[in-house]
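Visitor: Please take a close look at one part of this model: the aromatic side chains and what lies around them. I would like one connected account.

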Amino acid sequence: MPRLNRGETRRVSVKLSNEAKNRIMTASKNLSVSRASMIMYALAEQFEEGITQEKLLNIENKIILEKEHFPISMPIHLVNKVEQYTTDFNMKKNAFIGFVVSDYFENLPPVNEVQGENHKLTLPLHKQIKDKLYQYAEEKYINVGLLVAQSIENGKYESVPDLEESERELTTYNIPKHIYEDALARSAESGVSLHFYVESCLYNAFMSENKIFELENA
């Protein structure tokens, strides 16, 4: 798997609520990604939705951050957005990040930890889909395996993917074993190969009318 171009990064300090910290730990184990990846994913989602001062005040009134804080490396484009908000709202960066990230995770349905290990998946992938997968991972600073896992969980495209003629390129990523086994079972039920099933899921997530991942420069 090619190394993603992370660009310039900066170390920032993060504080979280106890509930959010526990949910992040569970999600990171289930999806086999770092806590930092989960935090930045949540932050990007909150930025996309939009953060007003009223929303932030409501979050502050219901969420209690722990005193403990820890550093993570964050891409400069996310740091710049954080600094813009903290200047506008006159708030410390670690508290701002902690409130909006904790709010994101506390509003998700509870998830139990899934015991299991990673599975290295190597499959031929259409260049159009691969390009969008890696572009999104670089734009959002998200682990590729996390995007593949979420695409599989979201489900396959219910028709024939509309793709230009192109050679497929072998692509390798790690996904949780339980998600791999689920994809294997679903592909068998659908009567298609595993690589076709996963590609259909990725097409659905990145290129269909119901896509769940939208590229900024699409």
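**The aromatic rings and their surroundings**

Guide: Tyr-104 has a relative accessible area of 17%, and because buried means under 20%, Tyr-104 counts as buried. The model is a predicted one. Over the whole structure, a search gives ten aromatic pairs. One of them joins Tyr-85 and Phe-96, with 5.4 Å between the ring centres and 20 degrees between the planes, and this pair is stacked. Tyr-85 belongs to helix α4 (residues 76-89) and Phe-96 to helix α5 (residues 93-106), so their contact ties together parts that are eleven residues apart in sequence. Both partners are covered: Tyr-85 is buried at 18% relative accessible area, and Phe-96 is buried at 0%.

Tyr-104, the residue named at the start, pairs with Phe-105. Here the centres are 5.3 Å apart and the planes stand at 85 degrees, an edge-to-face arrangement. Phe-105 is buried as well, with 3% relative accessible area.

Tyr-85 and Phe-96 also take part in a cluster, in which ring pairs link them with Phe-47 and Phe-89. Phe-47 leads to helix α2, where Phe-47 is one of the buried residues. Eleven of the 15 residues of α2 are buried, so the helix is mostly covered. Besides Phe-47, the buried residues of α2 include Met-38, Ile-39, Met-40, Tyr-41 and Leu-43. Helix α2 covers residues 35-49, and at 1.5 Å a residue a span of 21 Å is expected; the end C-alpha atoms are 21 Å apart, so the two values agree. After α2 comes Gly-50, with a positive phi near 100 degrees.

Two rings have a charged side chain over the face. Arg-35 lies over the face of Phe-70, 4.4 Å from the ring centre. Lys-130 is placed over the face of Tyr-134, at 6.0 Å from the ring centre.

Phe-70 has a further role in this account, as one of the residues that line the largest cavity. The other lining residues are Lys-15, Leu-16, Lys-21, Glu-66 and Glu-68. By class, the lining consists of two nonpolar and four charged residues, with no polar ones. The space in this cavity is about 40 Å³, and the search of the whole structure finds one cavity of 30 Å³ or more.

Technical notes. Residues numbered from 1 in each chain as written. Predicted model: local features only at pLDDT ≥ 70, side-chain atom pairs only at ≥ 80, totals over all residues. Heavy atoms only, no water. Helix = DSSP H or I, 4+ residues; strand = E, 2+ residues; numbered from the N terminus. Expected span 1.5 Å × (residues − 1). Buried < 20%, exposed > 50% of the residue type's maximum accessible area, 1.4 Å probe, protein only. Phe/Tyr/Trp six-rings, centres within 6.5 Å; stacked < 30°, edge-to-face > 60°. Lys NZ or Arg CZ within 6 Å of the ring centre and 35° of its normal. 1 Å grid on protein atoms, 1.4 Å probe; cavity = no way out; pocket = protein on both sides within 12 Å on 5 of 7 lines; lining within 4 Å. Points joined across faces, edges and corners; volume = space filled by probe spheres on them. Nonpolar A, V, L, I, M, F, W, Y, C, P; charged D, E, K, R; others polar.
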